[in-house]
Amino acid sequence: MPNFLVLLLGEIKRLQRYNIMTASVVVALLWIGVLYLTEIPDITFIFPMLIYVDSTSMAILLVGVTIFFEKQEGSLHTLLVTPINKKDYLLNKSVVTVATSIVTLVILYLYAAIFKEIDMSFTGLLGAVILVSLFHSLVGFLLTYRSRDFTALLINMMKYMFIFMIPTLLEYIRIIQHDLVEMILYLAPTKAAIILLYAAAGETELWEIIYALTYLGVGSIVLFMVVLKKFEQFAVQESGV
Amino acid sequence: MFQVKDVTYRYPKNREDTIKGITFDIRQGEIFGLLGPSGVGKSTTQKIMVKLLSGYQGEIYYRGKELKGYDKEYYQEIGVGFEVPVHFSKLTAEENINFFRKLYRNQANTDAMMKRLGIFDARNKKVDQFSKGMKIRLNFVRAVLNNPAVLFLDEPTIGLDPSNARILKTMIKEYRDYGGTVLLSTHLMNDVDELCDRVAFMVDGQIAEIDTPQNLKLKHGEKKVEVEYNEHDAGDRPSKRASFELETINRNEEFFKLMRTKKIITMHSKETTLDDIFIKITGVEKHA
């Protein structure tokens, strides 16, 4: 069996055993609770917002949680001296994170389609979730590298939320209305993320979709290279030095 | 197996080299002990040799090829045993072993090893239910599950009871007898005495001395025989002591006279211990 597959199956098994998968489903049920409490029958506007929060913050958290478990238990030490490829190790975590985001999307979309009204392309949402979650899993690596422990990771994630996620959300729902802020937010990956998610409703301009796809696509490639390069440094640090 | 030539290493944030030009070799089929107080560079040396640290100066050859020339395939050939537990605690021992085993081409009979180390019956328990000693034994199984050609062991018997430590040491010796090479890092001089074919003492990032434990004892010990004795009518508590040069003892009349006329309580050659040599060479109390 190729090592990538061994790692992938191992990662999935650990997600179950460490109850991370359960936590992820519980979060999805919480989102369902939010949708249930929404009295508007057509949730096309609110739905991408929930997916946006989930596929950005949960992606960062999931990567951080799994790495911190491995750090805490010392299993990361032993993984570093096995014949696995660094790329395989990193990609594995990203793939599992994206898969978890997809599970949340499926659960929420099924609920929305059965109990509410939603006018969004599932395929469009799926593509957006894959790209947004992949990008943010890589952000998760970078934040984890910079965090001494899980609390520090949460603080770093909060910073990311305050700088990128929340302003983007506030601007999108028109609470912040300022041309300059709007322009500046195009620099934020979260802006590209929200554009791509809302594009599944079919009302987004083409240039915006191209911008978002390019930002998150090229960004993911660049970010992956940075994550890969910095992993060496992280590994040395985690080997007890 | 390994030739380490004039290797120096400095951590990126440090001003001073941690490893300052060390040179030694490790032969195939030997247990080589790397000894020294904490912070002298033993772990750094091991980390360089298991390719966790790169960017060193000097040369390291493994099987005649520069270590830098090996990729991840190198890990197919080596096993690394850690002092601290390194397993997924929510998985069972067997799930842990199976996960790691699948990453290697060579796969040892881990069931037999677990049976021998007394953890086979607990193989379906989650590792977080294991005692410290069981985790250490599982670490060893993890280190050798790929039938490695070289085994790097860091304090392999710390935390084990004497009987399990004995089993583990026997397994390490058997591994060596079948041609395996071991780099052992430990503070337990009994283990060194029992296991190591050669040892290197490290002091301040340098190799201070390399030799067999026996030669070190001869070199640093006193070649004397010490006798504790009593007058014949006294009890068994020695009251007097005499010391004789070992080299001339066979023609030392005073020694023979003492043997004939006194009640000998104890008689020892004054061979030094590795503990004493450790302190003498490194200048540090071992458990300080």
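The exercises below, each with a worked solution, concern a predicted model.

**Exercise 1. The interface of chain B and chain A**

Describe the interface between chain B and chain A, starting from its extent and ending with the residues on the side of chain B.

Solution. Begin with the residues that touch: 26 residues of chain B are in contact with 26 residues of chain A. Next, take the area, since about 2,500 Å² is buried between chain B and chain A, and carbon and sulfur atoms give 66% of this area. Then turn to the charged pairs, of which the rule finds 2 salt bridges across the interface. In a salt bridge between the side chains of Glu95(B) and Arg17(A), the N to O distance is 2.6 Å. The count of residue pairs in polar contact between the two chains is 8, with both residues at pLDDT 80 or more. Now look for the elements on the side of chain B that touches chain A: those giving two or more residues are helix 2 (74-77) and helix 3 (93-101) of chain B. Helix 3 of chain B gives the most, with 3 residues. Finally, sort the residues of this side of chain B by kind, which yields 15 nonpolar, 5 polar and 6 charged.

**Exercise 2. A residue of chain A**

Decide whether Thr66(A) is buried or exposed, and find its surroundings.

Solution. First locate the residue: Thr66(A) lies in helix 3 (residues 47-73) of chain A. Its relative accessibility is 9%, and because buried means under 20%, Thr66(A) counts as buried. Leaving out residues up to four places away in sequence, Thr66(A) touches Glu11(A), Leu15(A), Ile20(A) and Lys93(A).

**Exercise 3. A sheet in chain B**

Which strands stand at the edges of the open sheet of 4 strands in chain B, and why is one side of each left without a neighbour?

Solution. Write down the strand order, which is 2-1-4-5 with antiparallel pairing. Reading this order from end to end, one finds strand 2 (19-26) and strand 5 (65-66) at the edges, and because each has a single partner strand, one side of each is left without a neighbour in the sheet. Further in, strand 1 (residues 2-9) and strand 4 (residues 57-62) run antiparallel and are joined by 5 bridges. Within this part of the sheet, Gln3(B) stands opposite Tyr61(B) of strand 4.

**Exercise 4. Chain B as a whole**

Summarise chain B by its secondary structure, its dimensions and its burial.

Solution. Count the elements to obtain 10 helices and 13 strands. Along the principal axes, the C-alpha atoms of chain B fill a box of roughly 70 × 50 × 35 Å. Of the 288 residues in chain B, 49% are buried. As a last step, consider the contacts in chain B with a separation of 6 or more, where residues 24 or more positions apart account for 65%.

Conventions: Residues numbered from 1 in each chain as written. Chains lettered and ligands numbered in written order. Heavy atoms only, no water. Contact = heavy atoms within 4.5 Å. Buried area = accessible area lost by both parts, 1.4 Å probe. Salt bridge = Lys/Arg side-chain N within 4 Å of Asp/Glu carboxyl O. Polar contact = N/O pair within 3.5 Å; in protein donor to acceptor, adjacent residues only side chain to side chain. Nonpolar A, V, L, I, M, F, W, Y, C, P; charged D, E, K, R; others polar. Buried < 20%, exposed > 50% of the residue type's maximum accessible area, 1.4 Å probe, protein only. Pairing = 2+ DSSP bridges.
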